[in-house]
Structures are given as C-alpha cells and as structure tokens.
Amino acid sequence: MFSFYIIILYTVLAILKPTRKVAFALTPWLIFACSYDWMRLLPNYEVNPIDVKGLYDTEKMLFGITANGSTLIPCEYFAIHHCSFADIMAGLFYLCWVPVPLAFGLYLYLKGDYKNYLHFSLAFLFVNLLGFCGYYIHPAAPPWYAMNYGFEPILNTPGNVAGLGRFDQLTGIPVFHALYGKNANVFAAVPSLHAAYMLITTIYAVRSRQHHATTAIFAFICAGIWWTAVYSGHHYIIDVTLGIATTIVGILLLEKVIMRVPAVNRLMNRYTSAITISRHTHD
C-alpha cells in the first residue's frame, strides 16, 4: 500500500530537525492519504449492499436526455456526443484534482499564513472523512459501471478510465490508465470527492483573501471538474451534487461548530505555534 511509503517519508521529515515543523504541518495530509489507502482493508461493499440500479434510474428520472426516441442519462449522452477539444479539457481539469489543492496548501504554509493553512488543511481532511463515511453508508457504482457491466455488482471489478481514456488516446500519454488501473474499489462514487476538492480550495482562497484572479481560476477549475465528472462517465450529477453538499456541510460544521469549542480553539493556537517557522532577520 502506498501509505507505507508516505509514512516512511513523514517519519524521516519528523526526525530531521530542519524539517520537523514541516512534517507536523503536513499531518492532516498524512492522515488523509493513509485513511484513503486503508479503506482497502475493509471494502465498503462488505459493510452495506452496493447500489447500481437505484442511482442509474434516479439519474435518468431527474436528468434524463431524450435522444432518438430513448432516454439517456447524461453520461450515456456524452459517451456518444463528445469532441476532441472537450476531451482534452476534461483531462486537464481532472489532472488538477489533487495537485492544485496540495499546491495551494503549501503556498499558504510557505507564505507564513499558518492560520489559513491549518483551517484549509483540516477542512480538506474533515470533508474527506465525511466522504469516506458516505462510501460505507451507501456503496455505489459509478455510471461507467452500469454502462459497461449492467446492474449486477461484480466484486473486484478493475478501475476504468471511462471517457478520460480519450485524453490518453489524443495525447499519447497513458496517464489516466495508470491512475485508474490502480483503483482498489470502484464502488465508492457517492459522494463525489472529485467535486469537493477544488470547491474547498476555492472557498479557502476567498477566506484567505487571495487575489481575485487566483480565486477565479480556482472556481473555473472547480466547475470544470464538476462538468468532467459527468462528461467522462465517472460520476452521476447526483454524485456531484452530494459532493458539493458534503463540502458545504463539512466546512460549516468545522468552522461554525467544532472550531468554536474553546478546547479546540486552544489546541489550534498551540498547533499554529508548533508549525510556525522562525524567520530571523539580520541587520
């Protein structure tokens, strides 16, 4: 499991005095990565039954598109109606999914904006943990599964690039085949955390008063990822909507409730002090 290597790297950073504060600051990201990886140990479909047909039928009822006398879910429509420009943009949007939030967090930390860095990092972790709970409460197949395999759950189904495979074909770079070929559990579509990550980033760009252009770019990427999730067949509109709702509820709960508990507030102040890098000035 990749978390083993992450833990080793974290341990090395924590042992070395020059990088100890950095390691401590990265703890929320370590917990996120390990939590995601450790879900392999107990697949969600061993906890609750997998929803394949229910989501598909609800999506068709709410968002069905009539074409040539039949009703298609949006993912089926886009599987037929797509173009090279949209395929390239979809791939570029999805490649921003984790790198941009991580880069933003590092930017805040290196800039010395420790308070906003911690709030952003903890919100990112908290929303993920809520999403992981959703995976276990309601295991669900993505639309490409229903489109390729029908409505009977087949355990240990390999990951699928779905519409993102067109990006690989157009660029000649098998980036998404490499990423999705290692997906250990395809029945984790609800809520869509693809829909969550850039929304969290955009919200905290506003909260930390980033330049309007930066916030606008984040918002554009965020909307692009929402569109790509459906265009590529990786998520239903329902999944994306639930991912957005999980983000909003998670951030409100964290900022308006949890962070206002006096003990948590004191802990946050100590955490901020612990990750603060002293900047000595020389006359």
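Q: What counts as a helix in this structure?
A: A helix is a DSSP run of H or I with at least four residues, numbered from the N terminus. Keep in mind that this is a predicted model. Right after helix H7 comes Gly112, with a positive phi near 90 degrees.

Q: How do you know that the span of H7 agrees with its number of residues?
A: The expected span is 1.5 Å times one less than the number of residues. For the 13 residues of H7 (99-111) that gives 18 Å, and the end C-alpha atoms are 18 Å apart, so the two agree.

Q: What makes Asp37 count as buried?
A: Buried means under 20% relative accessible area. Asp37 has 0%, so it's buried.

Q: Why is Arg40 called partly exposed?
A: Partly exposed runs between 20% and 50%. Arg40 sits at 38%, so that's its class.

Q: What makes the pair Asp37 and Arg40 a salt bridge?
A: The cut-off is 4 Å between a side-chain nitrogen of Lys or Arg and a carboxyl oxygen of Asp or Glu. Here the closest N and O atoms are 2.8 Å apart, so the pair fits that definition.

Q: How do you know that Arg207 and Glu255 form a salt bridge?
A: Their N to O distance is 3.4 Å, and the limit is 4 Å. The pair links distant parts of the chain, with Arg207 in helix H12 and Glu255 in helix H14, 48 residues apart.

Q: Why is Glu255 called buried?
A: Its relative accessibility is 11%, and buried means under 20%, so Glu255 counts as buried. Arg207, at 38%, is partly exposed.

Methods. Residues are numbered from 1 along each chain as its sequence is written. This is a predicted model: local features need pLDDT of at least 70, side-chain atom pairs count only at pLDDT 80 or more; totals for chains, interfaces and linings use all residues. Side-chain values use heavy atoms; hydrogens and water are left out. Helices (H or I, at least four residues) and strands (E, at least two) are DSSP runs, numbered from the N terminus. Buried means under 20% relative accessible area, exposed over 50%, partly exposed in between (1.4 Å probe, protein chains only).
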